[in-house]
Amino acid sequence: MNFPKKDVVLVTGASGHIGRRIVDFLLDLESLHVVAGTRTPEKISDLEKRGAELRRIDFDDSASCDVAFQGVDRVVLVSTDAVSEPRRRIRQHRIAVEAAKKAGVKHLIYTSFAQSEAGSPIPLCADHYATEQALEASGLPYTALRNSLYAEAILRRIPTMLEATEVPGLLGAGGIAYITREDCARSAAAVASSEKPPLGPIELTGPEVIDEERLVALVGECIGRPLRFVPMQAAALTEYLVSTGVPLPRALAKVALDTAVATGSLGFTTSAVADLTGVPAMRVRDFLLSTDIGGTQT
Ligand SMILES: NC(=O)c1ccc[n+]([C@@H]2O[C@H](COP(=O)([O-])OP(=O)(O)OC[C@H]3O[C@@H](n4cnc5c(N)ncnc54)[C@H](OP(=O)(O)O)[C@@H]3O)[C@@H](O)[C@H]2O)c1
């Protein structure tokens, strides 16, 4: 008997946090042939056991992209973490977009970043904007899922907060609609498996805008001990972060991000996660409690 051929969807970056979860969600659906693309297939043999086909793909190696995209209907292109060398990530993404186009991919879903528009004050946006421009120019049908800042970014700050009663932050810092990686992955899988994927950029956010003062208070609630937010000027905040052991480049990047966020560019919410997945985006409080921070949750 001839069974109808399943559509083939390839997820790049399948050994990373988001890529792996997107593959998980797609495998659960059982309606697609799922290809997990990664530089390190040996790290994801468990996904092969669950039914994924593994293919090696490295955006620094265009030949690997040409081979990996053969016979693929849809691609979820997970943006890479190559941010330390200027323009490298843009080069990588362009190679992947060109290879997808050449291979006849019918739709590409890209994990972009919030408000990735020309002239965005947020340093991270330039690469994502350039990638979206490359997609637009390619003529390939695409969806750019503009993920807001990951809620997981908050966790990096928890060890310092656990030691403190006062938590310094940028004076006048704006709010952020933090989103969990889980919601980003579920949304990407929903688009990748949709009969008619939406086209163009979609801003994916958490359900609420949280400013620094509220965030500090929330962490206090979750660890069962009040914490006080102490607003600081940018230079003093950088100095403070370095004094707590944060390397200078990371401290500068954090303060630059906070300064850009102070313009309000991440202080908005959308209903896109619920619209795409049918499940509302997770609140930061619920996320923090689910991570067992401090071990004294209420
Ligand atoms: N919205 C936010 O707040 C936020 C924060 C941090 C990062 N991001 C972006 O979101 C992406 C996914 O997040 P994550 O948490 O899953 O990141 P992660 O766990 O750090 O994974 C990094 C990803 O980059 C891929 N990668 C690196 N070099 C590559 C190359 N040469 N060719 C192809 N893929 C390459 C890796 O794929 P393999 O190792 O499997 O090949 C992996 O999926 C990040 O890479 C970054 O672009 C967003």
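Helices α4 and α5 are roughly parallel to each other, because angles under 35 degrees count as roughly parallel. The axes of α4 and helix α5 (residues 125–138) come within 9 Å and cross at roughly 20°; axes here are lines fitted to C-alpha atoms, for helices over the stretch in contact, with angles running from 0 to 180 degrees between N-to-C directions. The crossing of this pair, α4 and α5, is right-handed, a term for a near helix turned clockwise from the far one by less than a right angle. The model is a predicted one, in which local features need pLDDT of at least 70, side-chain atom pairs count only at pLDDT 80 or more, and totals for chains, interfaces and linings use all residues. Residues are numbered from 1 along each chain as its sequence is written, and side-chain values use heavy atoms, with hydrogens and water left out.

A second helix pair joins α1 to helix α8 (residues 181–192): they pack at an angle of about 50°, and their axes are 8 Å apart. That angle makes α1 oblique to α8, the class left over once roughly parallel, roughly antiparallel (over 145 degrees) and roughly perpendicular (65 to 115 degrees) are set aside. The crossing of α1 and α8 is right-handed as well. Helices are DSSP runs of H or I with at least four residues, numbered from the N terminus.

Turning to the ligand, 23 residues surround it, and H17, I18, T38, R39 and S79 come nearest; a residue counts if one of its heavy atoms lies within 4 Å. By class, this shell has seven nonpolar, ten polar and six charged residues, where Asp, Glu, Lys and Arg count as charged, Ala, Val, Leu, Ile, Met, Phe, Trp, Tyr, Cys and Pro as nonpolar, and the others, Gly among them, as polar.

Polar contacts (pairs of N or O atoms within 3.5 Å) also reach the ligand. A polar backbone atom of I18 is 2.8 Å from a ligand oxygen, and one of T80 is likewise 2.8 Å from an oxygen atom of the ligand.

Key:
A polar contact is a pair of N or O atoms within 3.5 Å; within protein, one must be able to donate a hydrogen and the other to accept it, and residues adjacent in sequence count only if both atoms are side-chain atoms. Helices (H or I, at least four residues) and strands (E, at least two) are DSSP runs, numbered from the N terminus.
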